[in-house]
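Hello,

Here is the structure I promised to pass on to you. Have a look at it first, and then read on for what turned up in it.

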Amino acid sequence: MKSILTVLTFGLLANPMVQADTNNAEVQAVISRYESALNASNTDDVLTLYGKNPTFMPQHAPAQVGRAAVKQAYDNVFSTIKLDVEFSIHELEVLGDTAWARTSSAGQTRILANEVVVNEGNNELFIFKKENGDWKIHQYLFSTSQPRQ
């Protein structure tokens, strides 16, 4: 009887740790899919990662609020540049149905108008919300860590 209680107690105590690991892995997977969608210049794939009422805060531009504005912003980005970047996750915190991640990205950007390739580097902050059991990007902000010369 004592061993059964020990196993049950351990199982109850371990469950939040398992859930935290699962949530972390799921959020990391969203960031990985976001990286792939950016590199593929695929607005539709990007939008599947955003929640129902997203905010995209690109550098040097007003915040884009709502799905239509976010879609238009990514369409504009992908019509002017081609990204080849890789994300690194530096911090990831999950609290209930909200998570945030501090990341950086580095790689290259090809400017489509003149085919010039420049180095790319940004610091990013993602805020995620769980919607219908899935982690979605709720708000996303980035700023360069490699200003253009």
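**The largest pocket**

Let me start with open space: the largest pocket holds about 630 Å³. Please keep in mind that this is a predicted model. Which residues lie nearest the centre of the largest pocket? They are Q59, V77, I81, E120 and F142, out of 31 residues that line the pocket. Several elements take part in the lining, with at least two residues each from α1, α3, β3, β4, β5 and β6.

**The overall layout**

To find your way around, it may help to know that the protein has 3 helices and 6 strands. Starting at the N terminus, the order of elements is α-α-β-β-α-β-β-β-β. The protein has 149 residues, and 33% of them are buried. If you take the contacts between residues at least 6 apart in sequence, 52% of these join residues at least 24 apart.

**Aromatic pairs**

How many aromatic pairs does a search of the whole structure find? The search gives 13. One of them is made by Y34 and Y140, and this pair is edge-to-face because the ring planes stand at 65°, over the 60 degrees needed, with the centres 5.1 Å apart. The two tyrosines come from distant parts of the chain: Y34 belongs to helix α1 (residues 2-39) and Y140 to strand β6 (residues 134-144), with their positions 106 residues apart. Are these two residues buried or exposed? Both Y34 and Y140 are buried.

Another pair to look at is F87 with F126, which is tilted, with 6.1 Å from centre to centre and 55° between the planes. This pair, too, links distant parts of the chain, as F87 sits in strand β3 (residues 81-95) and F126 in strand β5 (residues 116-131), 39 residues apart. F87 has a relative accessible area of 11%, so it counts as buried, the cut-off being under 20%. F126 is buried as well, with a relative accessibility of 0%.

These four residues also belong to one aromatic cluster, which is made up of Y34, Y50, F56, Y74, F78, F87, F126, F128, Y140 and F142.

**The nonpolar core**

Some of those names come back in the largest nonpolar core, which has 27 residues. The members that touch the most other members are Y34, Y50, Y74, F126, F128, I137 and Y140. Two or more residues of this core come from each of α1, α2 (43-49), β1 (50-57), α3 (67-80), β3, β4 (98-111), β5 and β6. Which element gives the most to the core? That is α1, with 6 residues.

F126 is a good residue to click on here. Setting aside residues up to four places away in sequence, F126 touches I31, Y34, F87, A99, W100, A101, T103, I137, Q139 and Y140.

**A buried asparagine**

Helix α1 also holds N23. With a relative accessible area of 6%, N23 is buried. The side chain of N23 makes a polar contact of 3.1 Å with the side chain of K130. Beyond its neighbours within four places in sequence, N23 is in contact with V94, K130 and W135.

**Two loop residues with positive phi**

S41, in the loop between α1 and α2, has a phi near 55°, which is a positive value in a residue other than glycine. S41 is partly exposed, at 24% relative accessible area. H60, in the loop between β1 and β2 (64-65), also has a positive phi, near 60°, and is likewise a residue other than glycine. Is H60 buried or exposed? H60 counts as exposed, because its relative accessibility is 77% and the cut-off is over 50%.

**After the last strand**

Finally, look at S145, in the segment after β6. S145 is partly exposed, with 39% relative accessible area. Apart from its neighbours within four places in sequence, S145 is in contact with G121, N122 and N123. The side chain of S145 reaches the backbone nitrogen of N122 at 3.4 Å. From C-alpha to C-alpha, S145 lies 9.0 Å from A106, although the two are 39 residues apart in sequence.

Enjoy exploring!

Note on methods. Residues are numbered from 1 along each chain as its sequence is written. This is a predicted model: local features need pLDDT of at least 70, side-chain atom pairs count only at pLDDT 80 or more; totals for chains, interfaces and linings use all residues. Side-chain values use heavy atoms; hydrogens and water are left out. Rings of Phe, Tyr and Trp (its six-membered ring) pair if their centres lie within 6.5 Å; planes under 30 degrees apart count as stacked, over 60 as edge-to-face and the rest as tilted. Helices (H or I, at least four residues) and strands (E, at least two) are DSSP runs, numbered from the N terminus. Buried means under 20% relative accessible area, exposed over 50%, partly exposed in between (1.4 Å probe, protein chains only). A nonpolar core is a set of buried Ala, Val, Leu, Ile, Met, Phe, Trp, Tyr and Cys residues joined through side-chain atoms within 4.5 Å. Contact means heavy atoms within 4.5 Å. A polar contact is a pair of N or O atoms within 3.5 Å; within protein, one must be able to donate a hydrogen and the other to accept it, and residues adjacent in sequence count only if both atoms are side-chain atoms. On a 1 Å grid over the protein atoms alone, a cavity is a set of points where a 1.4 Å probe fits but cannot get out, and a pocket is an open set with protein on both sides within 12 Å along at least five of seven lines; lining residues have an atom within 4 Å of a point. Grid points are joined across faces, edges and corners, and a volume is the space filled by probe spheres set on the points.
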